[in-house]
Amino acid sequence: MVGTAASVPTAARGTSATMIARGGRRWLVDCGEGTQRQLMRSGLGLVDLDLVLLTHLHGDHYLGLPGLLKSYGLRDRERPLTVIGPRGLTALMTALRPVIGRVPFPLALQESDGGTVWAGEGARIEAVPTRHSVASLGYALVEDLRPGAFDPAAARALGVEEGPLWGRLQRGESVPGAGGAIVRPDQVMGPARPGRTIVFSGDTEPCDSLLEIARGATVLIHEATFLDEDRERARQTRHSTAREAAALAREADVGLLVLTHLSSRCMPRDVRAEAAAEFARIAIPRDFDQIEVPFPEKGPPELHPARAPAGPRAAQAAAEEPATVSAPDL
Ligand SMILES: [Zn+2]
Ligand SMILES: [Zn+2]
């Protein structure tokens, strides 16, 4: 989690940005102001992203992008970058062009109303329209089904010699077994195994499209800008309360609900208490915490807290943050 604050940064939380690290790929969901520096502070450094997914075009979700593109330009990046977002993305980037300056690498802008926005490498990214005060999208990273587990005992029983033949079976080839009989992969492999699904709500009121795409997700990263006592304000600004996010997570039966986009007006412990009344599997990360998402058969997703920053001032900042800024909710 690169930034977990709503609307405005605080001493302890940057504005919205979440990095997905999958294989050798690094993707970012939203890129709030200061994301570059957050990446450096997190120890990840200014990684070469392949993809930036913007949930909507409020400043606390994209203002980090001009600086990031500029830095990439200054270091002569050549690798292409794709930025995906809702309608209005191209117009916004055109308006920002004088700020960003020359972009010496291929930059593709992709506007979406929903549907598959990316596919490859055993996964796809689906966008769904959500319900915020401007055009907005939720995203789901959905991995393909994986081949079932290989059963060595079954292979031996069918007379398939251990070694390269086992590898061929696991790659989906039929091979000779006892007495030259053909052994098919489905005789020695278990049923196909699901991949992981990670869903990002962006800023939104509770909505059916998000509920549908979140059904059975391994992890749902959902905003929780308000507590239920401010539900009216949540409706006006088209956000969710912690209780609403947790109720959606319960209905979707997700593996883990990760609450983010926390307002400086709410204490994280109050957000947790309210959400916990609806749903048990909750994480409320601080900036730089990591969520490890193993394959389902390897165990549940888990929050790994970042190491505490050094120095008394940093420790103070990392403590439960006081309400420092009051701002209109984006
Ligand atoms: Zn926001
Ligand atoms: Zn917003």
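**Close-up views of a predicted model**

**View A. The site of the zinc ion (ligand 2) is irregular, with angles of 88 to 170° among its four donor atoms.** Four donors are tetrahedral if all angles lie between 85 and 135 degrees; four are square planar and six octahedral if opposite donors are over 155 degrees apart and all others between 65 and 115; anything else is irregular. The model is predicted: local features need pLDDT of at least 70, side-chain atom pairs need 80 or more, totals for chains, interfaces and linings use all residues, and side-chain values use heavy atoms without hydrogens or water. Residues are numbered from 1 along each chain, chains are lettered from A and ligands numbered from 1, as written.

**View B. Four residues hold the zinc ion (ligand 2).** They are His56 (NE2), His58 (ND1), His132 (NE2) and Asp203 (OD), at 2.2 to 2.4 Å. Donors are N, O and S atoms within 2.8 Å of the metal (3.2 Å for Na, K and Ca); water is absent, so sites may look incomplete. Along the sequence, the donor residues are spaced H-x1-H-x73-H-x70-D. His56 sits in the loop between β3 and α2 (59-62), and His132 in the loop between β7 (123-129) and β8 (137-143), so this pair ties together parts that are 76 residues apart in sequence. Helices (H or I, at least four residues) and strands (E, at least two) are DSSP runs, numbered from the N terminus. Are these two histidines buried or exposed? His56 counts as buried at 0% relative accessibility. His132 is buried too, with a relative accessible area of 5%. (Buried means under 20% relative accessible area, exposed over 50%, with a 1.4 Å probe on protein chains only.)

**View C. Asp203 bridges the two zinc ions, ligand 1 and ligand 2, which lie 3.4 Å apart.** The zinc ion (ligand 1) has the protein donors Asp60 (OD), His61 (NE2), Asp203 (OD) and His261 (NE2). They lie 2.1 to 2.2 Å from this ion. This site is irregular, with angles of 90 to 168° among its four donor atoms. Along the chain, the donor spacing is D-H-x141-D-x57-H. One pair of donors links distant parts of the chain. His61 is in helix α2, while Asp203 is in the loop between β11 (197-200) and α7 (208-214), 142 residues apart. Both His61 and Asp203 are buried.

**View D. Five strands form an open sheet with mixed pairing.** The order is β1-β2-β3-β4-β5. β1 (18-22) and β5 stand at the edges with a single partner strand each, so one side of each has no neighbour in the sheet. (Two strands pair if DSSP finds at least two bridges between them.) β1 and β2 (residues 25-29) run antiparallel, joined by five bridges. Thr18 has its bridge partner, Val29, in β2.

**View E. Strand β4 (residues 81-85) is largely enclosed by the rest of the structure.** Why is it enclosed? Four of its five residues are buried, so the rest of the structure largely surrounds β4. On one side, three bridges join β4 to β3 (residues 51-53), and the two run parallel. Here Leu53 has Ile84 of β4 as its bridge partner. Five bridges join β4 to β5 (residues 107-111), also in parallel. In this pairing, Leu81 stands opposite Leu107 of β5.
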